[in-house]
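Welcome! Open your viewer, get comfortable, and follow along as we choose what to select next.

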Amino acid sequence: MIGHPVAHSRSPAMQTAALADLGLAGEWTYGALDIEPGDFEAEVAELAAAGDYAGVNVTIPHKEAALAIADEATEAARAIGAANTLTFRERRIVAANTDAGGLLRSLPAAVLGEPGVGGARALVLGAGGSARAVVWALARGGEGSPAAEGTPTQIPPFEVDVWNRTAARAEALAAELGGRAVADARAADYALIVNTTAVGLRGEDPFAHLPVTPADFRPDQVVVDIVYGEEPSALLAAAAEAGATTVDGLEMLVHQGALSLQIWTGKEPSLEAMRTGVRG
Ligand code: NAP
């Protein structure tokens, strides 16, 4: 994992737990490197040339630089314009974005993947880097988690509305990646609400900063807050209180991490082991 800062990252504990569960703890290790933006390219080139690294996860502020340095990129990484997973293949660097697939897999498939739910409305709050992956994924749909043991559920495409504090960024994002920018969202109208804004990270009151009130939440809604901390966020606490199904940022982190580990090892890691590792 390369980031700046990176000390707070839960990924090393999560991936180490997954590797141990896969029986790979002796052969594989997952660590964190704090690299300043000016040193990113040289550091990645060095790791790729070393020959003993399978790849790296990349987080803030390097996700765009990670795509730029790659020799090849997946469709998702190219469309989103950022990569969180680099794989070293005979000195070639392949970029992927598993935030998009991780978000879809974190959704409760039993709620959103049922036949006939296609075209459900989703409200994405925010238009920053993570919103790009979320909007791209929701507007296209794709593979979700299996509802039970067995084949993955297909999550149908959503009709995506994007709200952002700075409206022009929502407009630009929706025009590029799909969806529609909205200035005034009525949160009660949506089957799915995803908060990608940094609101809540430092204890801000979400209802003071976002176009949502606790009265908007309903039992048949799914509410996702991709920002994660020690406690359930105030947004998710209010949604759960109203009976909505909630998904926190650690669940998305687990799924994006599982997809990355699968790319590198070719094995399917245990989500339970990763959840235990990430939640400490
Ligand atoms: P970013 O590019 O900096 O975007 C920040 C967003 O938050 C912008 O839309 C910004 O609006 C909005 N915002 C900030 N303060 C606000 C306020 N007071 N009121 C309303 N909106 C506000 O950040 P990012 O890369 O998208 O990351 C956002 C969060 O997602 C981070 O906490 C990150 O850790 C988390 N994340 C989690 C996962 C996961 O796997 N769970 C993955 C990726 C990211 P403006 O455009 O108006 O400034």
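Start by selecting the shell of residues around the ligand: by class, this shell has 10 nonpolar, 10 polar and 3 charged residues. Keep in mind as you look that this is a predicted model.

How many residues surround the ligand? There are 23, and the closest are G129, S130, N164, T166 and R169. Select these closest residues and show their side chains.

Now zoom in on N164. One of its polar side-chain atoms lies 2.7 Å from an oxygen atom of the ligand. Move on to R169, where a polar side-chain atom likewise lies 2.7 Å from a ligand oxygen. For the next stop, turn on the backbone of A198: here a polar backbone atom is 3.1 Å from an oxygen atom of the ligand. With these contacts on screen, think about the ligand's surface: taken alone, the ligand exposes 940 Å², and the protein buries 80% of that.

Next, switch on a surface view of the protein. Where does the ligand sit? You will find the ligand in the largest pocket.

Time to look at the helices. Select helix 7 (129-140) and helix 11 (249-265), each of which supplies at least two residues of the shell around the ligand. Helix 11 gives the largest share of that shell, 3 residues.

Finally, step back and color the domains. Give one color to domain 1 (2-97 + 252-279) and another to domain 2 (101-243). Why does the ligand lie between them? Both domains give residues to the shell around the ligand, so the ligand lies between the two.

Notes
Residues numbered from 1 in each chain as written. Predicted model: local features only at pLDDT ≥ 70, side-chain atom pairs only at ≥ 80, totals over all residues. Heavy atoms only, no water. Near = heavy atom within 4 Å. Polar contact = N/O pair within 3.5 Å; in protein donor to acceptor, adjacent residues only side chain to side chain. Areas by Shrake-Rupley, 256 points an atom, 1.4 Å probe, with all protein chains shown as cover. 1 Å grid on protein atoms, 1.4 Å probe; cavity = no way out; pocket = protein on both sides within 12 Å on 5 of 7 lines; lining within 4 Å. Sits in = over half its atoms within 2 Å of the grid points. Helix = DSSP H or I, 4+ residues; strand = E, 2+ residues; numbered from the N terminus. Nonpolar A, V, L, I, M, F, W, Y, C, P; charged D, E, K, R; others polar. Domains from an automatic or database assignment.
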